[in-house]
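Colleague: Please take a close look at a single position in this model and say how it is placed. Please then go on from that position to the chain around it, the helix packing, and the partner chain.

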Amino acid sequence: MGAEKNTAWRIGAFWRRYDIALLGGAIFAFILLITILASVVAPYDPMARNIRNLFATPSAENPFGTDQLGRDVLSRVIHGGRPILSASFTAVFSALAVGTTVGVAGGYVGGWLDTALMRLMDVMLSFPSILLAILIVATLGVGLLNVTVAIGFAMVPVFARLARSIVITLVYEEYVAAARSLGASDLHIIWKHILPNMMPPIIVQASAMLAVAIGTASALNFIGLGVEPGTPDWGMMVAEGQRLIFDAPHVPVFPGLVITITVLSVNYMGDGLRDHLDPKLRRQGI
Amino acid sequence: MISYLLKRLIWLPIVLWAVSSLTFLALRIVPGNPIQTVQNQVMDKSQLAQVEAVWGLNRPITEQYANFLSKLVRGDLGLAMSSGVPIRRMIFERMPPTIELAIVSLVISTGIGVLSGVASVTIRNRAIDYSVRTASILGLSLPLFWVGIMLIILFSVKLRWTPTSGRIGAGVDYDVITNFMFYDLIATGNWQAFGSYLRHLVLPSVTIGLTSAGFVARLTRSAMLEVMNSDYIRTARAKGLYERSVIWKHAMRNAMLPIITLQGLQFGAILGGAVITERVFSYPGMGAWLLDGILERDYSVVQGGIIFVALAYVLMNLLVDILYHVIDPRLRNPSF
C-alpha cells in the first residue's frame, strides 16, 4: 500500500515538476494560435446579428450560445482575445525594454543617476499596478492604446529594479573586469557580457508580468476604459453580458472562463520557466 | 517610536502635495477639457468660452494651479464639474462604503489566506498542501469582475439569497450619522436595515477577499516553511510545548511580518479592485464615483478621488509600520 502510494506520488511529482508547465505553455500557444487565426477559425462573423436566434443556449450550432442580438458567442470569444492579448504583449515588451534600459543605466553608471532613477522607480512601485493603470488612463483618456501605455508604464519599475539588481552583481565579475582591461567599451560590455547573463530572470519576470497584464487589460476593458462598447473582447463581453444574467447567463460565463484559462496557463508556464531558468527565485515563494 | 512616527507624519502633506500636483498637471497636459468633451455637441463657441470662464479654465495654468493649491490647503476640493456638487460632500457620501468594503475584504482574504497557508505547512498531508497551492494559483488567475458576476448568477439569480446590487435595500429607512453604516445602524439599533446592509455587503467583499486570498496563502506558506525550520522552533518543541502553541504563538509571530507587509500592499490592490467590484455590484463607493469622473473627464472628481486614494494608501502604510513596531520588539529600540 505504502509503496503504491509512493509510486503514485512520484508520478504526480513528475507531472507537476514538468508537465503542468508544458501543458500551460501548450494551452497558451493554442489560444494564441486561435486568436491570430480568428477570422479563419471562427464559425460565424462575430458582428453578424440574427434576430431569429436571440439568447440561444449552447447547442451544436452555437456551442457557446448566442447573445441579445443573436450573435454567436463562440465566434465573439475567438475574436475577443485580440485586443487584450495584443495590448498585454505590447505592454510587457515595452516595459521590458524601457525597464531594463533604466535598470542597466542605473546599475552600470551608479552614483546620483542610480539614486535618482531608483527613487523614482520606488515611488511608482509603491502604487499597486491596477490602481496606477487606472489613474494613468484617467489622465490620458479612454482607449485601448492608452490602456496599453498605462499597463506598460506601471510595469517599468518591476523590470528596472530586477535589471539593476542583476547588473550590480555582474559589474564585479572577473570576465567583465577582463573585458574592460582589454579595452572594451561600456556599450560592448553591456551588450556582450551583461545583457545575455541577465536574460533568464528577465524572461521569467516577463512571463509573470504577462499574466498580470492580461488580467489588468481585461479588467480595464471590462470597466469601459479600453475598447468601444460592442467590440468582441473578453472583458467587454463580460461587461455587456452582465445585463443578461437573468435571460442568458451563459453569455458572460464563456469569455470569463477563457480569461481564467489563459491567465492560469501563463501562470503555470511562468512557474515552470522559473523553476528551470532561475531556481534562486523559487525560494522566495512568490 | 514616537519620533519615528512624527517623522513619517511630516511626509504625509508632502506626498499629498506631490500627488495632487502631478494629477493637476497630467489632467491639463492632455488636450481637451471636460467642458469641451461633454458640451461640444450642444454649445457654440461663445457659450463654451463662457462656461470655461466660470470654471476658470481660460486662465493661465499657473494661476489655475495657485488657485487650486490655495483652496486645497483649506480643505476645499471644489465642485464636481458635471453635477456642481461639492467634492467634499461627495467624499463623505462615497468614502465610507469603500472603506467598509475594503476592511471586510481584507479580513476575508487574511482569514482564508493565513489559515490555508498555515494548514498547508503544518498539517503534514500532501493532498492539502497540493490543493492549497492549486487553489491559490487559481485565485491569482481568476478575473475579479467575472467572479463577482458568477457569484451574482449563483446566489442572487438562482438561489435568491442576496441582492444583485447596491449598498442597502431600496425601501429601507435608516438614519445617517457618520455614513459608516456598520456604526450608524448598530448605534441606532436598526437591526432590519443592518440585515439588509450585511446581505448587500457579503458578495462584493467575498469577491475581493477570495481573489486576493491566493497571494496571502502563497506568502504565508513560504514564510511558515522558513520559520518552521528555524532553531527556536526546535527549542520550543524540545521544551515540550503543545504543537498548537508552537505554531500560533512562536512561528506565527515571525511569519506575521511579511504577511502584514503584503496586506499593506494588498490594501492598495483592494482599492483598485474596489473600482472594478463597485462597478459589478453598482456599489455606491469611491471607486464607482472615480470611474464616472474618469469617463466624463471631470477634473475635480478625478483630482478629489486620486487625492483620497493616495491619502488612504499612505495612512495604510503608516498603520503597517505601527503594527510592525507592535509585533516586533526588536524595532522598538533601534540601538537593540
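Modeller: B:R88 counts as partly exposed, because it has 14 C-beta neighbours inside 10 Å, a count that lies between the limit of 12 or fewer for exposed residues and that of 20 or more for buried ones. The model is a predicted one, and this classification is computed from its atoms. B:R88 belongs to helix α5 of chain B, which covers residues 87-122. In space, the C-alpha atom of B:R88 lies 7.7 Å from that of B:G78, a residue 10 places away in sequence.

The chain that holds this position has 336 residues, of which 37% count as buried. Chain B contains 13 helices and zero strands, and its order along the sequence is accordingly α-α-α-α-α-α-α-α-α-α-α-α-α. Its C-alpha trace spans about 85 × 60 × 40 Å along the principal axes. When contacts in chain B are restricted to residues at least 6 apart in sequence, 72% of them join residues at least 24 apart.

One such pairing of distant segments is that of helix α1 (residues 2-29) and helix α13 (residues 299-327) of chain B, whose axes lie 10 Å apart at an angle of about 155°. The two helices α1(B) and α13(B) are therefore roughly antiparallel to each other, and α1(B) passes α13(B) in a right-handed crossing. On the side of α1(B), the contact residues include B:R8, B:L12, B:V15, B:L16 and B:F24. The residues that α13(B) brings to the contact include B:Y299, B:I306, B:I307, B:L311 and B:D321. By class, the residues of this contact comprise 14 nonpolar, three polar and two charged.

Turning to the partner chain, chain A has 286 residues, and 46% of them count as buried. Chain A holds 12 helices and zero strands, which follow one another from the N terminus as α-α-α-α-α-α-α-α-α-α-α-α. The box filled by its C-alpha atoms, taken along the principal axes, is roughly 80 × 65 × 35 Å. Among contacts in chain A between residues at least 6 apart in sequence, 70% connect residues at least 24 apart.

Within chain A, helix α4 (residues 81-109) and helix α5 (residues 111-125) cross at roughly 145°, and their axes come within 7 Å. This crossing of α4(A) and α5(A) is left-handed. The residues that form it are A:V102, A:A105, A:G106, A:G107 and A:V109 from α4(A), with A:G111, A:L113, A:D114, A:L117 and A:M118 from α5(A). They divide into six nonpolar, three polar and one charged.

The contact between the two chains takes 35 residues from chain A and 35 residues from chain B. On chain A, the helices α6 (129-140), α9 (186-222) and α11 (250-277) each supply at least two residues of the side that touches chain B. The largest share of that side, eight residues, comes from α6(A). Sorted by class, the side of chain A that touches chain B has 24 nonpolar, 11 polar and no charged residues.

The interior comes next. The largest nonpolar core has 149 residues, and those with the most contacts inside it are A:I151, A:M155 and A:M209. Helix α9(A) gives the most to this core, with 16 residues. A:M155 touches A:A91, A:V92, A:A95, A:S129 and A:M209, if residues up to four places away in sequence are left out.

A final element is helix α10 (residues 234-241) of chain A, which is largely enclosed by the rest of the structure because eight of its eight residues are buried. The buried residues of α10(A) include A:W234, A:M236, A:M237 and the charged-class residue A:E240. They pack against α3 (73-79), α4, α9 and α11 of chain A, together with α7 (144-158) of chain B. In summary, B:R88 is partly exposed, whereas the residues of α10(A) are buried.

Definitions and conventions. Residues numbered from 1 in each chain as written. Chains lettered and ligands numbered in written order. Predicted model: local features only at pLDDT ≥ 70, side-chain atom pairs only at ≥ 80, totals over all residues. Axes fitted to C-alpha atoms, helices over the stretch in contact; angles between N-to-C directions. Helix = DSSP H or I, 4+ residues; strand = E, 2+ residues; numbered from the N terminus. Parallel < 35°, antiparallel > 145°, perpendicular 65-115°, else oblique. Left-handed = near helix turned anticlockwise from the far one by under 90°. Contact = placed C-beta atoms within 7 Å. Core = buried A, V, L, I, M, F, W, Y, C linked by C-beta atoms within 7 Å.
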